[in-house]
Amino acid sequence: MKNLVLVTVIALAGTAAFAQERITLKDGTGRAVTENICSGCHSLDYIRINAPFMTRQTWTASVNKMVQMFGAPIPANDAATIIDYLTANYGPPNGSEK
Amino acid sequence: MDRRHVLQGLGGAIGLASVRLGSVARAAEAPLPAGLPEGIYNTAALETLPGKRPLIRLTTRPPNYETPLSYFAESITPNDAFFVRYHLAQIPQVNAATWRLNVGGEGAAAPFSLTLNELETSFEQVDIAAVCQCSGNRRGFSNPHVPGVQWSSGAMGNALWRGPRLKDVLARAQLRNEVVEIVVDGADSAPLADTPDFIKSLPLAKAVDDNTIIALRMNGQPLPHYNGFPARLVVPGWTATYWMKHLVSIQAVTRPYDGFWMRGAYRIPNNMFPVVQRFLSQETAANTPITEMVVNSVIASPNEGQRFRMGEMVQIRGVAWDGGYGIARVEVSVDGGMSWRDSTLGPDAGRFAFRSFTYGFAADAPGARRIMAKATNRIGKTQVDTLIFNPAGYHNNVVRATTVMIG
């Protein structure tokens with residue numbers, strides 16, 4: 001429902017954000033881009049709990065889903081940076097790039 | 001392995017008593033079993049949302065929090081311990097005084113809107129006990145793991161719901177004969193305008209089932225904010241994806257609804273699971289919407305890793321449920337599945353409710369004991385021993401084991 005009362009949304013956003021501030025991602029190339037873009041719609045724990053079983057292939061599918069299905073306006077070069085970062089830091093520990 | 005030992009050591013301390021400590025337990029380690037993706041163990045925590053007891057936080061925004069297993073020792077799940085699940089992060093605090101429910105659609109000859117008071121006073125209010133379980137409950141145990149919220153076993157609860165029948169509300173809208181589905185929407189939405197709003201549809205037959213209601217009360221109280229205040233759909237027997245929270249719109253449509261959350265999500269491969277009620281207007285050659293729940297059970301007590309002295313009685317408690325056929329029996333094994341005995345079933349609160357079960361045995365041999373439960377429903381369906389893998393991790397009703405230590 002898009003036409004909701006914005007005042008109440010903002011009020012609730014304050015309470016919902018309390019824990020999210022503590023959630024960060026690992027240091028690495030592309031961390032800032034990943035944190036900034038992904039956290040626009042969801043907290044970063046979504047990434048942490050889906051690791052380390054996701055591969056380059058499934059992280060790519062996930063980022064593509066955000067763009068194609070959920071309308072996230074992620075420029076192609078940023079999407080590539082995010083996929084590289086997620087694969088390197090939240091992918092299989094042996095570095096396999098399936 | 002280290003993690004598992006830590007959890008086992010905490011076993012006794014993370015039961016019901018400590019969960020009730022309130023804010024003291026806020027940042028505590030979450031009581032989670034082994035077998036989940038590694039990332040969950042340094043991310044999840046016991047945390048208290050406003051109006052809730054400490055629940056296991058999986059994600060913050062949107063909030064996804066599951067109920068600790070210890071609560072399933074009882075057949076009714078307390079409102080403030082009931083799990084929280086949202087898809088989209090804009091969640092309004094609904095004002096009951098200004099809230100309206102809009103009923104219409106191209107299949108309705110007489111559209112109208114209702115206040116909360118009208119919904120409560122103009123229609124018969126009915127009570128039904130029913131299990132609300134996320135489709136992805138236990139996704140975290142999928143092998144191999146699949147992307148999504150990595151739920152353990154606590155994305156579910158059972159409550160006594162009260163409110164008007166959906167069919168009574170629809171009757172006032174004078175549905176045309178061409179109606180095939182009823183489309184429902186809640187007040188929550190996404191941060192981005194281009195993200196598909198969370199909108200679901202039901203086949204007309206399920207929408208007008210006597211048991212499908214618009215719940216205004218939950219266990220005798222108004223719904224908690226995080227469980228859909230002031231009104232949510234209750235679709236007994238079917239997974240929680242259809243139980244729209246913060247309900248604001250009910251539309252009768254004459255063609256199948258083709259939004260993302262119907263066509264692109266919550267689907268299972270055809271013919272993979274033994275379900276009776278299907279959603280034929282949404283079925284494709286490859287897959288079909290998830291509908292009714294599969295038969296399942298959970299052991300709430302003892303805790304994983306709990307210790308017992310030789311000779312002590314071990315009391316097993318838990319609940320079983322299914323898609324609305326009713327639980328016929330719950331068998332228990334205390335030897336890792338080699339032999340099975342019938343447990344004692346608790347009171348029957350209706351075919352859509354949790355059915356509690358208990359079984360006691362004397363701790364008669366030292367060492368680790370694997371305790372298991374396996375439910376069978378009244379149409380003869382039972383839990384599986386081996387995962388039926390599917391890409392979204394739905395319908396996981398594998399028989400699970402709790403290991404206790406004796407001596």
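Here is a short back-and-forth about a predicted model with chains A and B.

Student: Let's start where the chains meet. How many residues does chain B bring to the contact with chain A?
Tutor: Both chains take part in this contact, and chain A gives 33 residues. On the other side, the number from chain B is 38.

Student: Which elements of chain B give two or more residues to that side?
Tutor: One helix is on the list, α3 (38-41) of chain B. The strands to add are β2 (54-59), β9 (181-186) and β15 (247-253) of chain B.

Student: And by class, how many residues on the side of chain B that touches chain A are nonpolar?
Tutor: Take the other classes first: 14 residues there are polar and seven are charged. The nonpolar ones number 17.

Student: Now chain B by itself. How far apart are the C-alpha centres of domain 1 and domain 2 of chain B?
Tutor: The domain assignment gives domain 1 as 2-85 and domain 2 as 101-289, with domain 3 at 296-406. For domain 1 and domain 2 of chain B, the distance between the C-alpha centres is 26 Å.

Student: Which element gives the largest share of the side of domain 1 that touches domain 2 in chain B?
Tutor: This contact takes 27 residues from domain 1 of chain B and 24 residues from domain 2 of chain B. On the domain 1 side, β2, β3 (64-66) and β4 (84-85) of chain B each supply at least two residues. The largest share there is three residues, and it comes from β2(B).

Student: Those strands keep coming up. Why do β1 and β4 of chain B each have one side without a neighbour in their sheet?
Tutor: The sheet is open, with four strands in the order β1-β2-β3-β4 (chain B) and antiparallel pairing. β1 (45-48) and β4 of chain B stand at its edges, so what leaves one side of each free is having a single partner strand.

Student: Which residue in β4(B) stands opposite N64(B)?
Tutor: β3(B) and β4(B) run antiparallel and are joined by two bridges. Across from N64(B) in β4(B) you'll find R85(B).

Student: There's another sheet in chain B, the one with β19. Which strands are its edges?
Tutor: That open sheet has five strands, in the order β19-β26-β25-β21-β22 (chain B), and its pairing is mixed. An edge strand here pairs on one side only, and that picks out β19 (307-308) and β22 (341-342) of chain B.

Student: In what sense do β19(B) and β26(B) pair, parallel or antiparallel?
Tutor: Elsewhere in the sheet, β25(B) and β26(B) run antiparallel, joined by six bridges, and β21 (327-333) and β25 (367-377) of chain B also pair in the antiparallel sense over six bridges. β19(B) and β26 (401-406) of chain B have two bridges, with R307(B) partnered by M405(B). The sense of the β19(B) and β26(B) pairing is parallel.

Student: Over to chain A. At about what angle do α4(A) and α5(A) pack?
Tutor: Find α4 at residues 56-68 and α5 at residues 76-90 of chain A, with their axes 9 Å apart. The crossing is right-handed. Among the residues that meet are W59(A) and V63(A) from α4(A), and I82(A) and L86(A) from α5(A). The angle is about 145°.

Student: α2(A) meets α5(A) as well. How are they placed relative to each other?
Tutor: The axes of α2 (residues 31-38) of chain A and α5(A) come within 9 Å and cross at roughly 110°. Angles from 65 to 115 degrees share one label. α2(A) and α5(A) are therefore roughly perpendicular.

Student: Any backbone oddities? Which residue is joined to P62(B) by a cis peptide bond?
Tutor: Most peptide bonds are trans. P62(B) is in the loop between β2 and β3 of chain B, and omega for its cis bond is about -5°. The partner is R61(B).

Student: What is the phi of Q174(B)?
Tutor: Most residues other than glycine have a negative phi. Q174(B), in the loop between α5 (166-172) and β9 of chain B, is not a glycine, yet its phi is positive. The value is about 55°.

Definitions and conventions. Residues are numbered from 1 along each chain as its sequence is written. Chains are lettered from A and ligands numbered from 1 in the order in which they are written. This is a predicted model: local features need pLDDT of at least 70, side-chain atom pairs count only at pLDDT 80 or more; totals for chains, interfaces and linings use all residues. Two residues are in contact if their C-beta atoms, placed from the backbone, lie within 7 Å. Ala, Val, Leu, Ile, Met, Phe, Trp, Tyr, Cys and Pro count as nonpolar, Asp, Glu, Lys and Arg as charged, and the others, Gly among them, as polar. Domain bounds come from an automatic or database domain assignment. Axes are lines fitted to C-alpha atoms, for helices over the stretch in contact, and angles run from 0 to 180 degrees between N-to-C directions. A crossing is left-handed if the near helix is turned anticlockwise from the far one by less than a right angle, and right-handed if clockwise. Two strands pair if DSSP finds at least two bridges between them. Angles under 35 degrees count as roughly parallel, over 145 as roughly antiparallel, 65 to 115 as roughly perpendicular and the rest as oblique.
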